[in-house]
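Please look over the sequence and the fold below before reading on; the paragraphs after them go from one residue to the cores and then to the surface.

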Amino acid sequence: MADGPDSLYTEEQLKSDAVSKKDVLQFVQEHASIKFLREHKLYGKLASIAKCTKKDALVTAYLKLFEQKAFKKEGEEEEDAKEVAKKMEKMKIAAAKPSTSSKEKEQPRYTKRIMKKGNGSTFPQKGETVGCFYKGTLADGTVFDTNMGGGSKKKKGGDAEPLKFKVGTGKVIRGWDEALLTMSLNEKAELVVEPMWAYGKKGLAEAKIPPNATLTFEVELVSIF
């Protein structure tokens with residue numbers, strides 16, 4: 001069908017009641033290329049398409065078929081069926097593959113042990129300001145920072161002041177950001193944070209934290225606002 005069929009109808013006949021929608025659609029579906037049919041949304045069951053397509057649109061498609069000479073080629077349906085089968089197979093393979101998103105495959109780089117239970121109902125949300133008392137120690141037991149008791153972060157009156165920051169926004173090490181979102185108000189927990197979610201390969205010289213240090217923290221969540 002490289003040269004295409006002869007037209008069965010004149011434009012005047014097409015627009016008259018003598019030629020039905022189904023007649024026009026049947027001709028177009030029999031002789032048009034699959035690409036043409038898809039572009040004009042005429043690829044599918046004849047009855048369904050005839051029901052939801054206006055005759056004017058079918059007449060336009062009929063005339064364009066001859067203008068563009070977009071006729072069906074021999075073996076086209078078989079080739080299209082093969083392409084559809086290939087796409088379906090790719091979709092099946094893609095659906096069968098496990099998700100590789102970094103969030104799903106990334107494992108937590110800390111462990112938490114609850115030392116004192118919180119209220120069990122009030123948890124901080126990302127972006128909220130929290131207040132915490134904490135003590136951080138190295139693997140050998142050395143305390144490198146704290147605001148408990150003799151810590152440096154105190155009010156003028158001498159009372160210890162909670163460390164306040166917006167949780168989940170990168171203001172503190174990731175181990176804290178992630179762990180605090182699992183803690184309820186007034187909970188106290190021991191966090192053991194691996195280097196990747198602490199200070200990494202560089203460490204923190206001013207706090208005397210060496211490179212690749214696993215850190216242990218006692219953290220008490222005392223306020224959420």
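Is Gly175 buried or exposed? Gly175 is buried, because its relative accessible area is 0%, where buried means under 20%, exposed over 50% and partly exposed in between, with a 1.4 Å probe and protein chains only. This is a predicted model, in which local features need pLDDT of at least 70 and side-chain atom pairs count only at pLDDT 80 or more, while totals for chains, interfaces and linings use all residues. Residues are numbered from 1 along each chain as its sequence is written, and side-chain values use heavy atoms, with hydrogens and water left out.

Gly175 lies in helix α8 (residues 174-180), helices being DSSP runs of H or I with at least four residues and strands runs of E with at least two, numbered from the N terminus. Not counting residues up to four places away in sequence, Gly175 touches Tyr110, Val193 and Trp197, contact meaning heavy atoms within 4.5 Å.

The largest nonpolar core (buried Ala, Val, Leu, Ile, Met, Phe, Trp, Tyr and Cys residues joined through side-chain atoms within 4.5 Å) has 26 residues, and Trp176, Leu180 and Phe217 have the most contacts inside it. At least two residues of this core come from each of β2 (129-137), α8, β5 (188-193) and β6 (215-224), and β6 gives the most, with four. Leaving aside neighbours within four places in sequence, Trp176 is in contact with residues including Cys132, Leu191 and Phe217. A second, separate core has 19 residues, among them Leu14, Phe27, Ile49 and Ala50.

Phe27 is also one of the buried residues of helix α2 (residues 21-31), and what covers those buried residues includes α1 (11-15), α3 (34-39), α4 (46-52) and α5 (55-68).

Turning to helix α6 (residues 76-96), Val84 is found there and counts as partly exposed, because its relative accessibility is 37%.
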